[in-house]
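I opened my notebook to look up a few things in this structure. My notes run from the largest pocket to the whole chain.

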Amino acid sequence: MPRTTRPLVIFAAFAGSLAVGLFLMLWAVGGLRTVAAPAAIGGPFQLTDQSGQTVTDKNLQGKPTLIFFGFTHCPDICPTSLFEISEVLKAMGKDADRVNAYFVSVDPERDTATAMKDYLSSFDPHLKGLTGDPAAIAKVLSSYRVYAKKVPLKDGDYTMDHTALIYLMDRDGHFVAPFNLKRTPEEAAIDLKRYL
């Protein structure tokens, strides 16, 4: 191949590759229009709080909401997360009244309203515990895409494996993002106040 045509061949190969890449990208983008949107997080529910009051998804509206799924027999993750949420609520001062904070049971077999009330007495009073019958709990776990599974223990008892993140919902009850507690309570409180 003559020296003068080599740069032209290289340029043509590059241009051809670029054209093919552009075509594939446009085809892929066009093809994405037919793919369904990702499933939403959240949805209708009806549960009971630790005082016996009915709480539904409508209660999320008007205030930003933190939701944590767990169970009262949890040895470490749940009490630690609830303590951290309590610290954020305390750092918010009077603005904590303008936020919903829910601890939703993944263990309705043991987590009655009374058990939730006793358990939550150790945490910030803004935290509300939600429970219900197994069907109601299964529905809310599904709509929030929460994994929860009973795991038998050697002594005949059981524990629960479950998703351990805090959901931040906006004032309209729509999922925003997982709420980050790996910072000071004051920093987390400032972040949460942005949604008031």
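I first fixed my classes: Ala, Val, Leu, Ile, Met, Phe, Trp, Tyr, Cys and Pro count as nonpolar, Asp, Glu, Lys and Arg as charged, and the others, Gly among them, as polar. I noted that this is a predicted model, where local features need pLDDT of at least 70, side-chain atom pairs count only at pLDDT 80 or more, and totals for chains, interfaces and linings use all residues. Residues are numbered from 1 along each chain as its sequence is written, and side-chain values use heavy atoms, with hydrogens and water left out.

**Pocket.** I looked up what lines the largest pocket. Its lining divides into seven nonpolar, three polar and two charged residues. Among them are F68, I77, E84, N180 and K182. Helix α2 gives the largest share, four residues.

**Helix α5.** Which residues of α5 are buried (under 20% relative accessible area, 1.4 Å probe, protein chains only)? I found A188, A189, D191 and L192, in a helix that covers residues 185–193. They sit on the same side of α5, because their arc around the axis is only 160 degrees. This arc is taken from the directions from the helix axis to the C-beta atoms. The buried residues pack against β3 (65–70), α2 (77–92) and β8 (166–169).

**Whole chain.** I looked up five helices and nine strands. These are DSSP runs, helices being H or I with at least four residues and strands E with at least two, numbered from the N terminus. Buried residues make up 36% of the 196 residues.

Technical notes:
Buried means under 20% relative accessible area, exposed over 50%, partly exposed in between (1.4 Å probe, protein chains only). Contact means heavy atoms within 4.5 Å. On a 1 Å grid over the protein atoms alone, a cavity is a set of points where a 1.4 Å probe fits but cannot get out, and a pocket is an open set with protein on both sides within 12 Å along at least five of seven lines; lining residues have an atom within 4 Å of a point.
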